[in-house]
Amino acid sequence: MIVHTPGILGGTARVKGHRIAVHRVAGWWKLGLTIEEIGERLSALTPAEIHAALAYYHLHRQEIESCLEDERAVCRRLEHEQP
C-alpha cells in the first residue's frame, strides 16, 4: 500500500494511488490527531491506508523523520525570509 515513485513527491514514500506522503500522515499522528481526524483531513484515504502509512512510519522511522525534518527546515527558512 506504500510506494516510492521517482518523479512523484520527490520519490518519497506515499500511499499507493494517491499523492499523499507517509510523512504527512505521520506528522499529523505525531501532533496527536486520531485516525479519524486524519481521515477527515485526508478524506481520499481509507482507515486501512492511514494505518498502512503509520505502520510504514514505524518500520522506517529514520526515513520518515528525515522527511519531516527537511520539511521543518524549509518552514524555518521561509519564516526567516518573511519581512
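1. Let's start with what sits over helix H1 (residues 22-30) in this predicted model. The cover over the buried residues of H1 includes strand E1 (2-3), strand E2 (14-15), helix H2 (35-41), H3 and H4. The residues being covered are Val 22, His 23, Val 25, Ala 26 and Gly 27. Just past the helix, have a look at Gly 32, which follows H1 and has a positive phi, near 105°.

2. Now see how H1 meets helix H4 (residues 61-81). When two helices pack, we describe them by the angle between their axes and the distance between those axes. Here the axes come within 9 Å and cross at roughly 80°. Angles of 65 to 115 degrees count as roughly perpendicular, so H1 is roughly perpendicular to H4.

3. Who does the touching? On the H1 side you'll find Val 22, His 23, Arg 24, Ala 26, Gly 27 and Lys 30, and on the H4 side Ile 64, Glu 65, Cys 67, Leu 68 and Glu 71. Sorted by class, this contact has five nonpolar, two polar and four charged residues. Notice that Val 22, His 23, Ala 26 and Gly 27 are in this contact and also on the list of buried residues in H1.

4. Next up is helix H3 (residues 47-59). H3 is 13 residues long and spans 18 Å from its first C-alpha to its last, close to the 18 Å expected at 1.5 Å a residue. Its buried residues are Glu 49, Ile 50, Ala 52, Ala 53, Leu 54, Tyr 56 and Tyr 57. Their cover includes E1, E2, H1, H2 and H4.

5. H3 also packs on H4: the two axes come within 5 Å and cross at roughly 105°. These helices are therefore roughly perpendicular to each other. H3 brings Tyr 56, Tyr 57, His 58 and Leu 59 to the contact, while H4 brings Arg 61, Glu 63, Ile 64 and Glu 65. By class, that is four nonpolar, one polar and three charged residues. Keep an eye on Ile 64 and Glu 65, since they turn up in the contact with H3 and in the contact with H1.

6. Finally, how many disulfides does the structure hold? Zero. Cys 67 is in no disulfide, and the nearest cysteine sulfur, in Cys 75, is 14 Å away. A disulfide needs the two sulfur atoms within 2.5 Å, so 14 Å is too far for a bond. As for their surroundings, Cys 67 counts as buried because its relative accessibility is 15% and the cut-off is under 20%. Cys 75, in contrast, is partly exposed, with a relative accessible area of 42%.

Technical notes. Residues numbered from 1 in each chain as written. Predicted model: local features only at pLDDT ≥ 70, side-chain atom pairs only at ≥ 80, totals over all residues. Heavy atoms only, no water. Axes fitted to C-alpha atoms, helices over the stretch in contact; angles between N-to-C directions. Helix = DSSP H or I, 4+ residues; strand = E, 2+ residues; numbered from the N terminus. Parallel < 35°, antiparallel > 145°, perpendicular 65-115°, else oblique. Contact = heavy atoms within 4.5 Å. Nonpolar A, V, L, I, M, F, W, Y, C, P; charged D, E, K, R; others polar. Buried < 20%, exposed > 50% of the residue type's maximum accessible area, 1.4 Å probe, protein only. Expected span 1.5 Å × (residues − 1).
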